[in-house]
Each structure stands twice: as structure tokens, then as C-alpha cells.
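The exercises below take a reader who is new to this structure through a series of small tasks, each followed by a solution worked out step by step. Please look at the sequence and the structure before starting.

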Amino acid sequence: QQPINGITWVDLTGGNKYSISSNWSGSGLLIVNASGNDVALDISGGWHFNGMIWVTGRIKISGTADIEGAIFARSSIDAESSLSGNAEIEFSSSDVSSAFSLLGGLTGLNVLSWREI
């Protein structure tokens, strides 16, 4: 695993997955590009993240991960609780807007509005 700050892009092949399993924090836009329906992103431990996570695959979350922003997954999300605590996923429009602002100069994309479903 590597520090996630700004834009972090991870390309996976086959059944490989990107694992984050320590006590640290990151921010920005994390994109995990995977194929198939295998777990592409496996988050555990006391991880804190502010921003947006975009995964083309499955996500597994366990431990005491704290995510403020938004998660988009092409497949499904398995949120698991372990004896060490509970994962917290909180929508934050300001953290999502900050993540999208990283792309603004590159693509001309802007967030005009958000709607929680």
C-alpha cells in the first residue's frame, strides 16, 4: 500500500486486490480499476480517509475504517464489523467536492449538485 493523497489510480489484473490494512489516513480521490467480481479493494484496520473512492469491482470493509466522503462501486460493497470496532462511512459533500476539484483542471468537470439516495 502507498500513501493516498491527491489522485491515486490503481490498476489490477486477474484476481489481484488492493489492500489497505494499517492505522493511517489519506485524502483525495482513490480509483481502483479491476476486472470481474472479485474483491478489488480490501480495507481493514483503523484507516481514516477523506474524499471519494471509486472502484470497478467489489469492496470489503472491516475493522474501524472511517471514511468521510463517498464510495462508488460498480459491483457491490460488503461492509463487515469485526471485534476491533465498526467501520463508519459518512457522506460528506465538502470532501467529495474537494476530491472532484482535483479533476477540475484536468477534465473540466464540476459538481453542480448532490442528492443522497
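**Exercise 1. Classify Ser101 as buried or exposed, and place it in the chain.**

Solution. The model is a predicted one, and the accessibility used here is computed from its atoms. The relative accessible area of Ser101 is 51%. The cut-off for an exposed residue is over 50%, so Ser101 is classed as exposed. As to its place, Ser101 belongs to helix α1, which covers residues 93–107. A last step looks along the chain: Gly6 is 95 residues away from Ser101 in sequence, yet the C-alpha atoms of these two residues are separated by 10.0 Å.

**Exercise 2. Describe the secondary structure of the chain and state how many helices and strands it has.**

Solution. Counting the elements gives 1 helix and 9 strands. Reading along the sequence then gives their succession, which is β-β-β-β-β-β-β-β-β-α. For the chain as a whole, buried residues account for 38% of the 117 residues, while the exposed surface comes to about 6,400 Å², of which carbon and sulfur atoms supply 49%. Of the contacts between residues at least 6 apart in sequence, 21% join residues at least 24 apart.

**Exercise 3. Work out the order of the strands in the open sheet, and explain why β1 and β9 each have one side without a neighbour.**

Solution. The open sheet is built from 5 strands, which follow the order β1-β3-β5-β7-β9 with parallel pairing. Strands β1 (5–11) and β9 (88–91) stand at the edges of this order and have a single partner strand each, so one side of each is left without a neighbour in the sheet. From one strand to the next, the twist averages 30°. As background, strands of a sheet pair through backbone hydrogen bonds, and the pairing can be parallel or antiparallel.

**Exercise 4. Follow strand β7 and find which residues of β5 and β9 stand opposite its residues.**

Solution. Begin with the pairing of β5 (residues 48–56) and β7 (residues 66–73), two parallel strands that are joined by 8 bridges. Within this pairing, Ile53 has Ile71 of β7 as its bridge partner, and Trp54 is found opposite Phe72 of β7. Next, turn to the pairing of β7 with β9, where 4 bridges join the two strands and the direction is again parallel. Here Gly69 stands opposite Phe91, a residue of β9.

**Exercise 5. Find the salt bridge, and decide for each of its two residues whether it is buried or partly exposed.**

Solution. The count of salt bridges comes to 1. Asp42 and Lys17 form it, and their closest N and O atoms are 3.2 Å apart. The pair links distant parts of the chain, since Asp42 is in strand β4 (residues 39–43) and Lys17 is in the loop between β1 and β2 (18–20), 25 residues apart. To classify the residues, compare their relative accessibility with the cut-off for a buried residue, which is under 20%. Asp42 has a value of 13% and therefore counts as buried, whereas Lys17 has a value of 44% and counts as partly exposed. When neighbours within four places in sequence are left aside, the contacts of Asp42 are Lys17, Tyr18, Ser19, Ile20 and Lys60.

**Exercise 6. Determine how the rings of Trp47 and Phe49 are arranged, and describe the surroundings of Trp47.**

Solution. The structure holds 2 aromatic pairs. In the pair of Trp47 and Phe49, the ring centres are 5.2 Å apart and the planes are at 15°, so this pair is stacked. The reasoning rests on the cut-off for stacking, which asks for planes under 30 degrees apart. Trp47 has a relative accessibility of 0% and counts as buried, and Phe49, at 0%, counts as buried too. Trp47 is placed in the loop between β4 and β5. Its contacts, with neighbours within four places in sequence left aside, include Ile4, Ile20, Trp24, Ile53 and Thr64. For Trp47 and Thr64, which are 17 residues apart along the chain, the C-alpha atoms are separated by 6.8 Å.

How values were computed: Residues are numbered from 1 along each chain as its sequence is written. This is a predicted model: local features need pLDDT of at least 70, side-chain atom pairs count only at pLDDT 80 or more; totals for chains, interfaces and linings use all residues. Side-chain values use heavy atoms; hydrogens and water are left out. Two strands pair if DSSP finds at least two bridges between them. Axes are lines fitted to C-alpha atoms, for helices over the stretch in contact, and angles run from 0 to 180 degrees between N-to-C directions. Buried means under 20% relative accessible area, exposed over 50%, partly exposed in between (1.4 Å probe, protein chains only). A salt bridge is a side-chain nitrogen of Lys or Arg within 4 Å of a carboxyl oxygen of Asp or Glu. Contact means heavy atoms within 4.5 Å. Rings of Phe, Tyr and Trp (its six-membered ring) pair if their centres lie within 6.5 Å; planes under 30 degrees apart count as stacked, over 60 as edge-to-face and the rest as tilted. Accessible areas come from the Shrake-Rupley method with a 1.4 Å probe; for residues, only the protein chains shown count as cover.
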